[in-house]
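Colleague: Please take a close look at the largest nonpolar core of this model. Which residues touch the most other members, and which elements give two or more residues?

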Amino acid sequence: MTRSGASALALLLAIGLAGAAQARPDPLAVDWADKPDRAQELAALARVRGRPARAAARCTPEADGRLQACRTVLESPKRSGAAEALQALVPLYRLRPGAPTPEMLDGDVIVSVSTLEVDVPPAWPDEDGSFAIRWPPGSLAKAGGEVLIDCIAGRTGSLYDCQVLAETPADLGFGWKALRLTPFMRLTPARKDGKPAQSNVTFPLRFPAAP
């Protein structure tokens with residue numbers, strides 16, 4: 001194991017990851033008045049190159065709930081066409097006026113699309129999807145932060161192709177720190193037609209300020 005891997009593993013052991021979980025199963029949940037159905041998503045994805053492919057965009061809701069100023073925060077594989085497919089779907093989204101948005105996104109929302117399909121979604125062993133990290137003694141981190149991560153969960157439950165969708169504050173390296181932890185996380189895999197299947201998973205990692 002590399003020194004960086006050993007350090008990340010030591011951090012996980014020190015913080016007791018599952019024991020620090022906070023009940024927040026869907027970090028991107030908002031009250032949509034309208035959104036694309038799966039048939040519309042698949043039609044937009046028809047020309048996407050590469051599988052699995054996925055994209056996410058961060059958008060600002062207008063007063064009437066429609067989305068504007070959407071900027072791509074994830075496309076995998078790069079130049080696969082998934083980002084263009086998602087942008088074509090953006091006009092079909094409308095947030096219910098006055099509905100709250102995820103706190104860490106400062107009034108924005110994140111929308112996403114993926115070629116992956118499952119019958120049963122993946123689950124964390126503790127049935128939670130949010131983690132609060134407690135820094136070990138002697139940590140140099142003083143300020144707190146939060147990171148929103150999107151990964152592919154494999155058929156064995158391990159995570160790969162993890163990418164940061166958002167982090168706050170944006171200039172303290174919390175995204176990089178969070179990505180170092182993902183190789184040591186494991187889920188109960190999703191299922192498709194009764195068999196373990198690849199799936200997308202999006203979850204937040206919170207870094208409270210060090211005491």
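Modeller: The chain exposes about 10900 Å², with carbon and sulfur atoms supplying 53% of that area. This is a predicted model. Of the 211 residues in the chain, 45% are buried, and the secondary structure consists of four helices and eleven strands. Among contacts with a separation of 6 or more, 77% join residues 24 or more positions apart.

Now to the part you asked about. The largest nonpolar core has 20 residues, and W32, L67 and V111 are the ones that touch the most other members. Two or more residues come from each of β2 (54-61), α3 (82-89) and β5 (109-114). Of the elements, α3 gives the most, with four residues. Another core lies apart from this one; its 16 residues include A153, M185, L187 and F203.

V111 can be followed further. Setting aside neighbours within four places in sequence, V111 is in contact with W32 and L67, which are the two residues named beside V111 above. The other contacts of V111 on that basis are A55, A56, A57, C59, L86 and Y93.

Y93 also appears among the contacts of E41, a residue of helix α2 (residues 38-44). With neighbours within four places in sequence again left out, E41 is in contact with P36, L89, Y93, S112 and V113. E41 counts as buried because its relative accessibility is 12%, and the cut-off for buried is under 20%.

Terms used: Residues are numbered from 1 along each chain as its sequence is written. This is a predicted model: local features need pLDDT of at least 70, side-chain atom pairs count only at pLDDT 80 or more; totals for chains, interfaces and linings use all residues. Side-chain values use heavy atoms; hydrogens and water are left out. A nonpolar core is a set of buried Ala, Val, Leu, Ile, Met, Phe, Trp, Tyr and Cys residues joined through side-chain atoms within 4.5 Å. Buried means under 20% relative accessible area, exposed over 50%, partly exposed in between (1.4 Å probe, protein chains only). Contact means heavy atoms within 4.5 Å. Accessible areas come from the Shrake-Rupley method with a 1.4 Å probe; for residues, only the protein chains shown count as cover.
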